[in-house]
Amino acid sequence: MNIHIPTPLRVYTAGAETVAVPGATVAEVFDHLTSQFPELKQQLFNAEGKLRSFVNVYLNDEDLRYLPSKEATTVASTDELTIIPSIAGGTPCCNCCPLL
Amino acid sequence: MLHIAYSDYEALRAHGEETYPNECCGVLLGKSDAEGNHVHQIVRAGNTRTDSAHNRYNIAPIELVKIQRQARGLSLDIVGFYHSHPDHPAQWSPTDFAEAHWIGCSYVITAVEKGKAAITNSFLLTGTTEEDKKFLDQSIEIEVATSTPPKGKA
C-alpha cells in the first residue's frame, strides 16, 4: 500500500513523498516502513513504541485512533495511509503570560 | 527566506481581519529549495477551537489530509502555515512552539490590532526532533507581479 509522508519527514525517506510498503495490517505496514527507513522510527514513535501524540495517521479518510482494531486493522494494497503531524497554536492566554 | 506573492500575502492578512476577534489559520502550499520556502498557493482552513477561538487555533487533521492530497495533485508540498494573533504581537507564543511539529516549514503570524492586520512575521521551525527544535526568525520576500501592480500598502 502507499504511505504518504509529510514534508518534515521526507528527509528520512530520501525525499520520497509516497512510499509503497507491503503489509496485511497497519502495524505490519509500519514495521516495514521503519525497517526500510529506520530513522523514521524515533520520529513517529515514543520510547514505549506508541505513536507520538502529535502524529496523526489516517487510513484513507479514517483516523487510526478511532478504528476499532487500531493498528491491527487489516489493509488492502489499494488503501492509502497518510501520516500528518498536528498543527495548532495560539496567543498567550492573557497579557500576563510571558512570551518565550 | 519565505517567498510569497503579494496577492497571497495580502490574502492571508485579510483572513485574519475577517475572523477577528478570533484567530484564523491556513496552509501554505509550494516548494522548498536552498533559497527557502516558496509559496505558490495559500489554503484557508477552519479553526476547530471554537471553545477558545480568540486565542487558540487548530486545523482538523482530516482537513490537513485533504489539503496535502490537494497539494499532491498540484505537484506542490505543504511548506508552511499561517495564523493570526488578535490584539497580540506577531511573535510566536509558548503554545505555538509546543504545538509546532512541521520542521522545515514556515510559521507565519499576523498581528491583528482592533480588526486591522498589522505586522506579519515568519518563523522557520528548525532542528531534527521534538527535543532540539527551535524557531528562527525568517525574512519574507514579497513578490510583486509586474502585470498587476499592487494597490495599497505592503
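Me: In this predicted model, two strands pair if DSSP finds at least two bridges between them. Which residue of β4(B) stands opposite Ala88(A)?

Reply: Strand β6 of chain A covers residues 87-89 and pairs with β4(B). The pairing is antiparallel and has 3 bridges. Within β4(B), the residue opposite Ala88(A) is Asn58(B).

Me: How many residues does chain B bring to the contact with chain A?

Reply: Two residues are in contact if their C-beta atoms, placed from the backbone, lie within 7 Å. Chain A gives 24 residues to the contact. From chain B, the number is 33 residues.

Me: Which elements of chain B give two or more residues to the side that touches chain A?

Reply: This side of chain B has 15 nonpolar, 12 polar and 6 charged residues. Two helices and two strands of chain B each supply two or more of its residues. They are β4 (57-59), α2 (61-73), β5 (77-86) and α3 (94-98).

Me: Within chain B, which residue is the bridge partner of Gly30(B) in β3(B)?

Reply: Strand β2 of chain B, residues 25-33, runs antiparallel to strand β3, residues 36-45, and 9 bridges join them. These strands, β2(B) and β3(B), form a hairpin with 2 residues between them. In β3(B), the partner of Gly30(B) is Val39(B).

Me: Which residue of β5(B) is the bridge partner of Val27(B)?

Reply: Besides its hairpin with β3(B), β2(B) pairs with β5(B). That pairing is antiparallel, over 6 bridges. The bridge partner of Val27(B) in β5(B) is Phe81(B).

Notes: Residues are numbered from 1 along each chain as its sequence is written. Chains are lettered from A and ligands numbered from 1 in the order in which they are written. This is a predicted model: local features need pLDDT of at least 70, side-chain atom pairs count only at pLDDT 80 or more; totals for chains, interfaces and linings use all residues. Helices (H or I, at least four residues) and strands (E, at least two) are DSSP runs, numbered from the N terminus. Ala, Val, Leu, Ile, Met, Phe, Trp, Tyr, Cys and Pro count as nonpolar, Asp, Glu, Lys and Arg as charged, and the others, Gly among them, as polar.
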